[in-house]
Amino acid sequence: MLTFTGVAGPYWPVVVAGLYGAGALIAPPERPAPPDFPSPSAQVEEVRADLRRLGSYLADVDLPPGAAARLGELTGLLGALLEPGWAAEALARDPEAVHGVSRAVRQDVPEAVDAFVRTRWWTRLAPGTEPPERHLERQLDLLRREAERLAAELGESEARRQEAHTRYLEDRGGRGDGAPGA
């Protein structure tokens, strides 16, 4: 504008450069793209695949009958939580629950079984110590209770979701008793 009215005169290139510089300083900086982390559903799929790999590992381990039964209950519960469908969708909506199942599958169960296998070998060299299967059974019981608590929390979350939808529909004008809204 100053250049067209003749006020800038021969200094018009400096004025244009200054206005450009001021605009560049005022404009927001380029924003880097956020990292592309896997979606919660993709994370659940990864844990499901890891549970299958864990199952292959566990099939090769010789466990006492009591521990094998407890392990079967635990892996069955974890498998049910990861089963494709609405249960896995509910799981995917809760990042803490995904982390808990992931930790059980990827860390806790393999560590418990591996520690049992290693300790069992040592107890053969030093009889009279506490049998390692007792620790394994206690660990598996603790892990099963943790998984049951997680499943109960997911169920409660779904119940709260259903109740919230009922309240929403009631607030929208329905009375909930089958009679038309007011």
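**Exercise 1. Classify Trp122 as buried or exposed, and then examine its aromatic partner.**

*Solution.* Trp122 has a relative accessible area of 54% and is therefore exposed. The classes are buried for under 20% relative accessible area, exposed for over 50%, and partly exposed in between, with a 1.4 Å probe and protein chains only. Trp121, at 46% relative accessibility, counts as partly exposed.

The next step concerns the rings. A search of the whole structure finds 1 aromatic pair. The ring centres of Trp121 and Trp122 lie 4.7 Å apart and the planes stand at 85 degrees, so the pair is edge-to-face. Rings of Phe, Tyr and Trp (its six-membered ring) pair if their centres lie within 6.5 Å; planes under 30 degrees apart count as stacked, over 60 as edge-to-face and the rest as tilted.

The model is predicted: local features need pLDDT of at least 70, side-chain atom pairs count only at pLDDT 80 or more, and totals for chains, interfaces and linings use all residues. Residues are numbered from 1 along each chain as its sequence is written, and side-chain values use heavy atoms, with hydrogens and water left out.

**Exercise 2. State how many helices and strands the chain has.**

*Solution.* The chain has 7 helices and 0 strands. Helices (H or I, at least four residues) and strands (E, at least two) are DSSP runs, numbered from the N terminus. Along the sequence, the pattern reads α-α-α-α-α-α-α. Of the 182 residues, 25% count as buried.

**Exercise 3. Determine how helix H4 (residues 65–82) packs on helix H7 (residues 132–171).**

*Solution.* The angle between H4 and H7 is about 20 degrees, and their axes are 9 Å apart. This makes H4 roughly parallel to H7. Axes are lines fitted to C-alpha atoms, for helices over the stretch in contact, and angles run from 0 to 180 degrees between N-to-C directions. Angles under 35 degrees count as roughly parallel, over 145 as roughly antiparallel, 65 to 115 as roughly perpendicular and the rest as oblique.

H4 passes H7 in a left-handed crossing, meaning that the near helix is turned anticlockwise from the far one by less than a right angle (right-handed if clockwise). The residues of this contact comprise 13 nonpolar, 1 polar and 6 charged. Here Ala, Val, Leu, Ile, Met, Phe, Trp, Tyr, Cys and Pro count as nonpolar, Asp, Glu, Lys and Arg as charged, and the others, Gly among them, as polar.

**Exercise 4. Describe how helix H3 (residues 40–59) packs on H4.**

*Solution.* H3 and H4 pack at an angle of about 155 degrees, with axes 10 Å apart. The two helices H3 and H4 are therefore roughly antiparallel. Their crossing is left-handed. In H3, Val44, Val47, Arg48, Leu51 and Leu58 meet Leu71, Thr75, Leu78, Gly79 and Leu82 in H4, where contact means heavy atoms within 4.5 Å. These residues divide into 7 nonpolar, 2 polar and 1 charged.

**Exercise 5. Describe the packing of H3 with helix H6 (residues 95–125), and locate Gly100.**

*Solution.* The axes of H3 and H6 come within 9 Å and cross at roughly 15 degrees. H3 and H6 are therefore roughly parallel to each other. The crossing of H3 and H6 is left-handed. By class, this contact has 12 nonpolar, 2 polar and 4 charged residues.

Gly100 is found in H6 and, at 13% relative accessibility, counts as buried. Its C-alpha atom is separated by 8.6 Å from that of Glu146, 46 residues apart along the chain.
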